Amino acid sequence: MVSSNDRRTEELLRIEDLVVSFPKENMEIAVLNSINLSVGQGEIVGIVGESGSGKSIACRSIIGLIPKPGRVSSGKIMFKGKNILGINKAEERILRSTQIGMIFQDPTSSLNPVFTIGDELVKTLVNSGTSSKNHAVQKSIELLERVGLQNPSERIFMYPHELSGGQRQRVMIALALACKPSLLIADEPTTSLDVTIQLQILDLLLNLRKETGMSILFVSHDMGVISRMCDKVAVMYGGYIVEFATTDSILRFPQHPYTKALISAVPKLTLDTQRVRLSTILGEPPKSSNLPSGCPFGPRCTSRQTSCSDLSMKLELVSGVHFSACPVERSL
Amino acid sequence: MSFFKQRTLSTGVLIVGFLFTCSIMLPVVGLNKPNAIDLPSRLLSPSSSHFFGTDGFGRDIFARCLYAVRLDLFVCAVITFVPMIFGVVAGSISGYFGGWFDTIMSRFIEMLLAFPFLILVIAVVAISGPGLTGVFVAVLAIGWTLYGRISRAEMLVIRDQEFVLAAKTLGFSTTRIIFRHAIPSLLRSNVVFSMSDFVSNLLLLAGLSYLGLGVQAPTAELGSMIAEGQQYLSQAWWIAVVPGVIVVLLGSGLSMIGDGLADRMTV
Amino acid sequence: MKRFNSLDFDPNHTAEFVLEVTDLKKWFSVRRSIFKKLMRTPPRFTKAVDGVSFKLERGEILGLIGESGSGKSTLARTAIALEKSDEGKILYFGQDLDDLGPIGLRELRRSLQMIFQDPFTSLNPKMTVKQALVEVGKVHKELGKNDEGTAFLSELFRLTGLSSDLSLRKPRELSGGQRQRVAIARALAVRPKVIIADEIVSALDVSIQAQILNLLIDLRNELNLSMLFISHDLAVVSQVADRVAIMYMGRVVEEGKTHDVFSSPQHPYTRALLNAHLEPSVIHREKNSTEMTDTPLNLPVSGGCNFKNRCIYAKHECGLVDPILRQISPNEPAHQVACQVMPFLNSSKN
């Protein structure tokens, strides 16, 4: 089991052997295969993966937002020491409104177009009991200021469509922060934003972590963003976590062949006038209904051996806090 | 597709198919003639020689039902699918080009839809006399507008889709783009709608014939049979009830086909 | 059998530039209410493309970098004659686009193709790969009526790295990378000389992006294609483009050889873009957003430079005069920048 050995930080969230599956034609297809992950107090942990890796399902399963007919088949999700899987609706609501906040990729569809952002904020504050009606408006303005939205006292009367993408995302963050959550789950929060705005939003999140000590679980397909943001990274492929380590360690000494291939396949800004062929990974990411046996990366892996199709995909400690599911390539 | 949805389509096809097959096969086999008046055999209850009994004129109801189903299916097919073709083409062209043509076409469609339909039928009947002509003219004149509206609305979306833009950049002619690329994508909603339109037309025809405006005596039609059978309800209930049940069966079967197709015809 | 020899664009390769755009403008008027129309309030315009000029040489890949609101997509559509420009000239092989009637335009389409961002929506969902490609061949008379097109297909498959067992599949049965290859094959089927690629790898997984980029470079080398490669991703553009042009709010703010622009960027926006570019490397962990203020993009910009509201180097004169592209140094003749202030002129790298 993977956990942060750092004694200073308390463990806030721990996912244990989580399996999520979807029924299909009398079979259960696993989209998450026994994943283990932990987030400490004040830590920013990233999950990186391509489409079909299961990263979105992973973060949604924490707050019970797995799209039907998917369901958790087995495993535990421990939040502040308590298993939050299988809690009743009322407890789930409390959890979502006061302990765990979530921001999504597309702020356009996440904000209700019928309400002004002031309405949304006030509603959230009052319903979660964070603030009384009298103070809610003032608190809303403070929150908007906190997330860097300019002229908040004017903006609270605006509707989502009157704001730009970056501003909407800030509003989303304000909504998520309204109830002072200890954990913020961010599912591709900057993917649809311009790159210059993205940097500002990432800085905002980092500052918020510094100020409030909240933890962030940051999901993205963009390895560059993950490197900037996260203290630790989990690399996912085909529903498995294939590598988990501190960001520094993963960038300097990637262990798993997929991680290495992923990092080298990311197009890099180059000043070479000579056109060099980019390194690619042959083939395509697998669909969860069609996973090869053993290691899902096998078919595309240049270091593949016959034993790889029988691999149990357990994360093994390589060194320090660096874990890898690949027994073939070890270079630490 | 889930279990029940599969069943819907096949059940519907079964029902309608069965009735259709009966209606074309059995008259060939040649049982009793549907219009053969046989006064001594009036109002006989169902028996082995008359499966569904006889009506007030001694005509065999079973034979009349078969002919009625054939007639109804044929007429309704014409008044459903001919307007559909016309409406799809008109609506698609209108939606694709937009501009003044589209504006005129849209207003025209709205005008026709606002027209009281029954009045038109009666007007045609007044001119050309009672009979199916009135029904044909009225439905063909107005029925296409619904398909026109659906197709136009869909076309407004489809014409901005990238594969249509791609077809333009590839140098395809406008005709090819509209008919080969755009229309196939909007057929689905039209076909689905046509099924419920078919059912409505069936009921319309039955209703009009019931009122004496559609099919005229002595032609067998489900609605007119129900009308004729009304007066004998206490004595010979089968005259009205049997055609009624068949109308319900036919309508339900067609609705099921429509439902099943709606799920089947995804891209 | 080609039927349009007389209009075959530039058979002797005399035109200097394959594509030449001069001062292109495309403005969209913002819808006014009936009231405002009656009051004759002057209409407001969104200046999607506001005076863009560039030249594309034979066999060159020109990268066009822009974010949302830069006008790059509008520019692409106008350049490929899907939309009419309001002002400015577009010349293909020296031939003015406006002078072409509908027939000439149809002929032009044989030389000029576009590949779109979303490979799923740019393919007809109801046609198989084979049907889609053969249709192009038949429409452009490469294939006769009853020709199966086997040789035609296998050539296209070879060029784009598709395997032949995909020919009977429909788009939904293909992966993102495969769909994009089909879209490229379809564009190649008309044997174009110029291709406009509009964000063609943005919707693909990272591991597939590199495959498509390599493919593009191979095609350029094998077929001597000229390309306008549009993307928001600096790294992607730097990998394929010989020259780049950076767009901001409808105007080109900087252009030049890729190496020159990225190693010594002069425009504050270019520098902000480079600063904001993140890669999986330890160095990039230290970046922060100091290069720009956060003013939303949808504020109407009055006069002068469009970037002034967000530029930390902006001076008073930036709002007075529209900046024009000027060469900054005789050492880099192709490198031009549209900025009044030029705060970095005497420093090279950051």
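These are my notebook entries on a predicted model, taken chain by chain and then at one interface.

**Entry 1. Chain B, overall**

I began with the make-up of chain B. It holds nine helices and zero strands, and I read its elements from the N terminus on as α-α-α-α-α-α-α-α-α. I then looked up the extent of the C-alpha trace of chain B, which spans about 75 × 50 × 30 Å along its principal axes. Of the 267 residues of chain B, 46% count as buried. I also looked up how far apart in sequence the contacting residues of chain B lie. Among contacts between residues at least 6 apart, 72% join residues at least 24 apart.

**Entry 2. Helix H6 of chain B**

I next asked how many of the eight residues of helix H6 (residues 162-169) of chain B are buried. The number is seven, so this helix is largely enclosed by the rest of the structure. I listed the buried residues of H6(B) as B:Glu162, B:Phe163, B:Val164, B:Leu165, B:Ala166, B:Ala167 and B:Thr169.

Against which elements do the buried residues of H6(B) pack? Within chain B, I noted helix H2 (61-97), helix H5 (132-158) and helix H7 (174-211). From chain C, I noted helix H2 (72-79), strand S6 (112-115) and helix H6 (176-188). The surroundings of H6(B) therefore include elements of both chain B and chain C, taking packing as heavy atoms within 4.5 Å. Just after H6(B), I recorded that B:Gly171 takes a positive phi of about 85°.

**Entry 3. The open sheet of chain C**

I traced an open sheet of four strands in chain C, with the order S2-S1-S4-S5 and antiparallel pairing. Its edge strands are S2 (45-57) and S5 (95-96), each of which pairs on one side only. Strand S1 (residues 17-29) of chain C pairs with S2(C) in the antiparallel sense, over ten bridges. As one point of register, I noted that C:Trp27 has C:Lys47 in S2(C) as its bridge partner.

**Entry 4. Two residues with positive phi**

I kept a general point in mind here: most residues other than glycine have a negative phi. I then looked up two residues that depart from this pattern.

In chain C, C:Phe93 is not a glycine, yet it has a positive phi of about 50°. C:Phe93 sits in the loop between strand S4 (87-92) and S5 of chain C. Is C:Phe93 buried or exposed? Its relative accessibility is 8%, so I entered C:Phe93 as buried, the cut-off being under 20%.

In chain A, A:Asn151 has a positive phi of about 50° and is likewise not a glycine. I found A:Asn151 in the loop between helix H5 (133-146) and helix H6 (152-155) of chain A. With 43% relative accessibility, A:Asn151 counts as partly exposed.

**Entry 5. Strand S3 of chain A**

I turned to strand S3 (residues 44-48) of chain A, which is mostly covered, with five of its five residues buried. I checked which way these residues point. A:Ile44, A:Gly46 and A:Val48 point one way from S3(A), A:Val45 and A:Ile47 point the other way, and all are buried.

I then looked up the partners of S3(A). Five bridges join S3(A) to strand S8 (residues 215-220) of chain A, and the two run parallel. Four bridges join S3(A) to strand S9 (residues 232-237) of chain A, also running parallel. I used A:Ile47 to fix the register on each strand: A:Ile47 stands opposite A:Val219 in S8(A) and opposite A:Ala234 in S9(A).

**Entry 6. Where chain C meets chain A**

Last, I examined the interface of chains C and A. I recorded 52 residues of chain C in contact with 51 residues of chain A. The two chains bury about 4,400 Å² between them, 55% of it on carbon and sulfur atoms.

How many salt bridges are there between chain C and chain A? The count is zero. For polar contacts, I recorded 13 residue pairs, both residues at pLDDT 80 or more.

I then looked up which elements of chain C give two or more residues to the side that touches chain A. They are H6, helix H7 (206-223), helix H8 (234-240), helix H9 (258-263) and helix H10 (268-276) of chain C. H7(C) gives the most, with ten residues. By class, I entered the side of chain C that touches chain A as 21 nonpolar, 20 polar and eleven charged residues.

Conventions. Residues numbered from 1 in each chain as written. Chains lettered and ligands numbered in written order. Predicted model: local features only at pLDDT ≥ 70, side-chain atom pairs only at ≥ 80, totals over all residues. Heavy atoms only, no water. Pairing = 2+ DSSP bridges. Buried < 20%, exposed > 50% of the residue type's maximum accessible area, 1.4 Å probe, protein only. Buried area = accessible area lost by both parts, 1.4 Å probe. Salt bridge = Lys/Arg side-chain N within 4 Å of Asp/Glu carboxyl O. Polar contact = N/O pair within 3.5 Å; in protein donor to acceptor, adjacent residues only side chain to side chain. Nonpolar A, V, L, I, M, F, W, Y, C, P; charged D, E, K, R; others polar.
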